[in-house]
Amino acid sequence: MHHRFIRGAAAALILVAGAASAQDFSAQRLSDEIRVISADDFQGRYPGTEGEKKTLDWLQAQYEAMGLEPGGPNGQWLQVIDLKRLTPQGEPALTWGGAATTGRALTAGTDFTLRAMNDAAMGRVIDAPVVFAGYGIHAPERGWDDYGDLDVTGAVVLVVAGEPDGELFNGPYATTYQSAAYKADEARRRGAVAVLTIVDGDAGSAAWRRETTGAGRTRTLTPGSAELTLSGAVNRDVAAEMGVDLASLKPRLETGDFRAFALETRITASAQESIEILRTHNLLARITGTERPNEVVIYSAHWDHVGVKDDAAGDDKVFNGAWDNASGTIGVVEMARQLKAAPTPKRTFVFAHMAAEEMGLLGAYAYVADPVYPLATTVADINIDMLPLSGPTRDVPIFGKGQNSLEDDLQVLAEQEGRYVSDDGQPEQNFYYRSDHFPFARAGVPALMPWHGVDWVEGGREAGLAAWKAKFGADYHRPSDEWSAEWDLRSAVENLTLLYRLGLDLANGDEWPTWKPTSEFGQVRDRSAAARR
């Protein structure tokens with residue numbers, strides 16, 4: 001570990017007081033509490049285990065001692081989440097044919113993959129029409145529409161993975177349009193029954209091997225996801241047989257002039273899954289607002305990690321997750337402690353500890369699918385995942401810079417401390433889609449996720465970036481992610497102080513954060529505009 005990550009936590013205490021907001025985030029208290037919930041006896045905090053129960057019992061005890069109210073459904077602390085884990089049962093089948101083609105029965109694994117990732121855990125389509133929809137993107141804020149006026153009701157839709165290159169789609173940073181989840185939602189919204197992604201490779205290619213490797217694994221159904229009958233993939237050669245010559249079509253797909261077209265073929269296909277239910281829980285606490293209690297500011301963090309892995313190399317089998325995300329969990333607990341000590345706000349604060357983030361943001365998706373507080377009047381989600389471990393920084397990186405006005409509010413507060421807001425600087429990591437703020441953003445709720453500064457006051461950007469990369473590379477999702485008394489939490493205190501002030505401003509104001517004109521999430525928020533008038 002780089003030496004700049006190991007200043008004594010006992011000495012790492014910063015008090016930042018302002019006329020409008022005085023608080024006392026303690027680096028020592030952060031360290032002490034992270035140590036508790038990342039200890040071996042919490043078993044790596046895997047959902048559905050004794051480690052979950054210990055974690056949630058500890059969190060509830062903290063909030064009860066602070067005098068907060070239960071924030072979950074029906075006055076409870078916990079929101080119950082039953083996750084469906086699906087495993088392929090038997091072999092899927094897919095046959096295509098049509099008036100102008102002889103067609104054939106395809107071979108699972110060689111020609112196609114297919115899953116019934118839906119609540120019924122089974123799916124079948126018979127003689128369904130087939131449509132090629134390019135990237136499958138409808139992005140009105142970018143003037144882009146691959147579907148055009150084509151009716152895809154009852155159809156199997158073929159799409160290309162990813163999204164167009166270039167600045168229109170955020171340059172090196174991906175947009176939500178590149179995701180399979182978006183493509184499925186858009187196809188389902190238009191009435192399609194299945195989506196098949198065309199993998200740009202033949203049956204022997206590395207790209208196709210990556211697709212088939214994961215096709216037979218147990219997967220967890222994302223709460224609130226598109227209820228497609230079937231989803232899967234075909235390789236490039238199969239797509240060509242069906243009438244999609246990817247090599248010749250690809251240039252048109254990048255222009256914005258492409259429109260979906262029907263193929264002269266039809267598909268009959270089926271797949272089935274076995275179901276296992278994993279019960280887990282979100283925990284929510286609340287400070288009820290004095291004037292507009294139905295308007296809610298959420299601070300979120302995921303409490304889970306990846307548990308105990310008996311097959312892990314070496315003697316240490318416990319993945320403690322001290323940094324990821326005991327640190328963020330304690331950041332939310334300490335945020336609640338400070339906000340409880342402040343005058344009661346006009347709007348309501350909710351402190352949400354989300355389950356199963358490491359399984360695919362599933363606790364946050366479950367909350368968004370069945371929200372305790374209406375999303376239309378949720379002011380913002382401020383998410384904390386992996387507190388920074390360094391000395392003071394000039395920069396305050398965020399995931400998804402350029403998305404919404406929360407970053408502008410944060411910039412004003414950062415400038416008061418001689419700091420500045422930046423992007424995360426690592427587009428290849430796709431960080432924006434990897435923590436619990438994203439399900440909120442996808443549902444239209446303005447969301448903010450701060451990250452680790454690397455522009456160190458003591459050492460500059462070169463030293464800061466090198467230290468972050470070393471720490472991330474050494475400990476991320478490894479048994480070595482353990483608490484250390486030598487963590488430097490000064491930057492954590494800096495960031496928590498900014499997020500405290502941001503939350504107070506939101507909770508005591510009457511403004512609604514907005515999405516920027518180029519954001520893909522503004523159109524979702526606009527659908528509920530009447531609730532905020």
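A polar contact is a pair of N or O atoms within 3.5 Å; within protein, one must be able to donate a hydrogen and the other to accept it, and residues adjacent in sequence count only if both atoms are side-chain atoms. The model is predicted: local features need pLDDT of at least 70, side-chain atom pairs count only at pLDDT 80 or more, and totals for chains, interfaces and linings use all residues. Residues are numbered from 1 along each chain as its sequence is written, and side-chain values use heavy atoms, without hydrogens and water.

**Exercise 1.** Find the polar contact at the start of H2, and state what follows the helix.

Solution.
- Helices (H or I, at least four residues) and strands (E, at least two) are DSSP runs, numbered from the N terminus.
- H2 covers residues 50–66.
- A side-chain oxygen of Thr49 comes to within 3.2 Å of the backbone nitrogen of Gly51.
- After H2 comes Gly67, with a positive phi near 90 degrees.

**Exercise 2.** Explain why the buried residues of H2 line one face.

Solution.
- Buried means under 20% relative accessible area, exposed over 50%, partly exposed in between (1.4 Å probe, protein chains only).
- The buried residues of H2 include Trp58, Leu59 and Tyr63.
- Down the axis of H2, the buried residues fall within an arc of 155 degrees, so they line one face. The arc is that of the directions from the helix axis to the C-beta atoms.

**Exercise 3.** Characterise the salt bridge between Arg347 and Glu295.

Solution.
- A salt bridge is a side-chain nitrogen of Lys or Arg within 4 Å of a carboxyl oxygen of Asp or Glu.
- The closest N and O atoms of Arg347 and Glu295 are 2.7 Å apart.
- Arg347 sits in strand E17 and Glu295 in strand E14, so the pair ties together parts 52 residues apart in sequence.
- Both Arg347 and Glu295 are buried.

Terms used
Expected span 1.5 Å × (residues − 1).
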